[in-house]
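Please open the model in a viewer and keep the selection tool at hand. The tour below proceeds stop by stop, stating what to select and what is to be found there.

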Amino acid sequence: MKLLLNLLEKQEKLFSKGSKLERFYPLHEALESFLFSTKLVTKTKTHIRDFIDTKRYMIIVVLALIPCTLFGIFNAGYQSHLAAGWSLDFLSVFMTGLKYVLPIILVSYTVGGLWEVLFAIVRKHEINEGFLVTGLLFPLTCPPNLPLWQVALGITFGVVIGKEVFGGTGKNFLNPALTARVFVFFTYPVQISGEVWTALPVSKNELVEGYSGATALAVASQAGKGDVALPQLIDSGFTLNNLFYGLIPGSIGETSVLCILIGAALLILTKIGSWRIMLGSLIGAILTILAFNFFSDQNSNAFLHVPILWQLFMGSFAFATVFMATDPVSAPDLNESKWVYGFLIGVMGMIIRVINPAYPEGWMLAILLMNVFAPLIDHLFVESKLKKRIANVI
Amino acid sequence: MKNIKVKNTYDVALSGIPTLDVISIEPKNKVAVLPSTFPNIKPKLEKKMGEKIKLGEKLFIDKKNPDINFCSPASGEIVDIVYGPRRRLDAILIKEDVSLDPIVFETHSEESLNLASREDLVKRLVESGIWPFFRAFPFKTIPKISEVPPAIYVCLDNDEPFMPQSEILIDHYLSDLKLGLAAVKKIANNNLKLSCKKGNNKALDALSSMITHQLIGKYPANNPAVYLYHAKKNSSENKSWTIKPFDIVRIGAFLRKGTYPSDILVSMGGSKSDKKCHIKTKEGVSIQDLIGSDLDSKSRYIAGGVLTGRNASDLPYLGFNDSALTIIEEGSAPEMLSFLSLGTEKPSKTATFFSSLTPEATFDISSSLSGGKRSCIGCSICVDVCPVNIYPQLLAKSILADDHESSIMHGLLDCADCGLCTYVCPSKIELGQVIEDKKEQLAKEVLV
């Protein structure tokens, strides 16, 4: 460790003020503060500080995402092997999954990271750690064989337009990972929607007979009219069990509600993820599903009849509620606003998923819409709270 | 007697808390007067270098309010005058000479105090250099002589780590405390709001009739600005005053003896402090005298508490406004991949370290920033620790955006300067400094 410290200190002189490499100082600083704790001390009347910093904050979120990532890698390989009729032995499945997922994660971190470094150098500030989370969230929302150039373009849009253009981490009003995904969704819809949720390792005519690869959302949305969605889901091989554990086709990180709940527990226990947003979203979604169930009849869209647990487990509701909606920068600041924000996400996401025929899932759009409304919700609550203060003016 | 429950309070689990032992330390070196530690004054020296001065004699005044005297805490010779940037009067150093007689004022007992008028008492306190003990909200500046406060709020207890404890005041200084309280009550026109920590039976027994509120909560429930915020019924009380409990003892000592009360009680503690106790000493004592050696560059010497105190390395003396000495480690040794550490020794308001598994433990905390400066990420941890219901991140943002009206509406003037929002911020934003700077700027504009 001392060797590393000495090396870094020697390096620092290369980047100090006045030297040729001065503008690359953020790079050196990022490396040094990544490897070692800061040398900075307090300079104001508050002489001590809490040990929490943004690095720890973001690392906890990344840790919470690890179960989904590992399971997603395994699941991508599993669905591929199922489709091709290959062996389901753990190691070979995991290797196949790695082959599909690892490049996406690497491209996301590398391309996005390069943009972050560029902006840090030009703006002369330290590289911000918010990117550690965005760089992992975006791949988890992609299908396992999304073309890598689309991953690169998507993360570029998300980091540059979704965040850096506004001033970097802390100054954006949209969720950067969702901005990246929505860009790819609208610009290159073919490889991100439809029958893309299983990575097919062989050509279509070599697949296992009777293999469909349809996601639960696809089955339910095309089920027809009346209370026929549940029987069709069961016919297609879906059960509450596999919807919960996640060995089903879907985007890389969204399928396993169990892994997402493990992540949610970590976020809530450490008080990093807002439980109010998560609970608000759950309540909003449940009330909407109850309304759908109650007001639908034999002539309405079958999707409206899907019962609560099935509707909550399928698709990316859990992933979006736990990891996307809770992004602290784009969510409102006040605790009261978080309830309203979460609730409206739950309601809107369900409406877009079930009622709108153009979009197979609703969370990306619901969260981005509520990101836009977050300042307004905050403003209304702040106004009402400030009125209650006893005026202290001069 | 009413109970006030303060929400959003938080105790930092610091080690090195001073015990209730009391020792005495006499100053051996010079004693100092520190004009730059008084808020919002323009000090003007009334004595010159090399002149002799008596205990209680006028030493400097405030150009903006020249009637208020700032007096010398010792008899002796002025041996040094220290100037800071832009000729700021930082310190006047006095070498003590006890052969010089002090200035003598009239003494009082509780009975004669009852018969005296408020104007007479004010005049007595002003001419003897005692008046600056009083501070007027919202800016905690020294009140004008002509002002009459709507109320005076006093907290007997305090819960910032390392400040003198009320038990010692009651055990060692009770008669002076009672005399001082009678004087303060007169200055307040009988509107004295005296609080103690809930369950402080010693204080309740000793001062039962005078205590009006019991405060419930961790730090900073026993902070006068927090007390005022929760007790006030309307905005007429915003201009109330406050005074520290030991300064009330000093008023009592002054009235009893008739000379400037240079005897003070300070608490000393902190993980790098050899002594963790209370100390009877003299105003202006040097830190070297208190610690018994020279200052160590690896330690940070704080005049006051760790959350609100002044870094005393440049002016290593405890002056008129100081009542504690806290010594902690300066910076911390580099730790590899610190953000991945288990953190059993790293206390945090969040539960992101394993230190949360030992909630009763105390920890050594250094002056390390523990992170790099970032933008506000909207985590709202600061909101969870603000005892006066301000949204610190929103207030700081409106100040930085120069939105004056919005800052006032957010409760800028209610801020108690407790330092908790700055302490918890993961982005290491100087929230407290932003708020304090704005208040200072406003004070300059508003107070003539």
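**Loops of chain B**

Begin with Pro220(B), which lies in the loop between β13 (211-216) and α5 (224-231) of chain B. The model is a predicted one. Select Tyr219(B) together with Pro220(B): the peptide bond joining them is cis, with omega about -5°.

Next, select Phe137(B) and Pro138(B), which are likewise joined by a cis peptide bond, here with omega about 0°. Pro138(B) belongs to the loop between β10 (135-136) and β11 (152-155) of chain B.

The last stop among these loops is Leu337(B), in the loop between β19 (324-329) and α8 (392-400) of chain B. Although Leu337(B) is not a glycine, its phi is positive, at about 45°.

**Between the chains**

Now display both chains. How much area do chain B and chain A bury between them? The value is about 6100 Å², 57% of it on carbon and sulfur atoms. Select Phe339(B), Arg374(B) and Ile377(B), which supply 14% of the area that chain B buries against chain A, more than any other three residues. The contact draws 82 residues from chain B and 54 residues from chain A.

Keep Arg374(B) selected and add Glu129(A): these two form a salt bridge, with their closest N and O atoms 2.7 Å apart. Across the interface of chain B and chain A, five salt bridges are found.

**Helices of chain A**

Move on to chain A and select helix α3 (residues 54-84) and helix α5 (residues 130-140), whose axes come within 9 Å and cross at roughly 20°. That angle makes α3(A) roughly parallel to α5(A). Their crossing is left-handed. To view the contact, show Met58(A), Ile59(A), Val61(A), Val62(A), Leu65(A) and Thr69(A) of α3(A), along with Gly130(A), Leu132(A), Val133(A), Leu136(A), Leu137(A) and Leu140(A) of α5(A). By class, this contact of α3(A) with α5(A) comprises ten nonpolar, two polar and no charged residues.

Finally, retain α5(A) and add helix α6 (residues 148-161) of chain A; the two pack at an angle of about 140°, with their axes 11 Å apart. This makes α5(A) oblique to α6(A). α5(A) passes α6(A) in a right-handed crossing. The residues to show are Phe131(A), Thr134(A) and Phe138(A) of α5(A), and Val151(A), Gly154(A), Ile155(A) and Val159(A) of α6(A), which make the contact. The contact of α5(A) with α6(A) has five nonpolar and two polar residues, and no charged ones.

Definitions and conventions: Residues numbered from 1 in each chain as written. Chains lettered and ligands numbered in written order. Predicted model: local features only at pLDDT ≥ 70, side-chain atom pairs only at ≥ 80, totals over all residues. Heavy atoms only, no water. Axes fitted to C-alpha atoms, helices over the stretch in contact; angles between N-to-C directions. Helix = DSSP H or I, 4+ residues; strand = E, 2+ residues; numbered from the N terminus. Parallel < 35°, antiparallel > 145°, perpendicular 65-115°, else oblique. Left-handed = near helix turned anticlockwise from the far one by under 90°. Contact = heavy atoms within 4.5 Å. Nonpolar A, V, L, I, M, F, W, Y, C, P; charged D, E, K, R; others polar. Buried area = accessible area lost by both parts, 1.4 Å probe. Salt bridge = Lys/Arg side-chain N within 4 Å of Asp/Glu carboxyl O.
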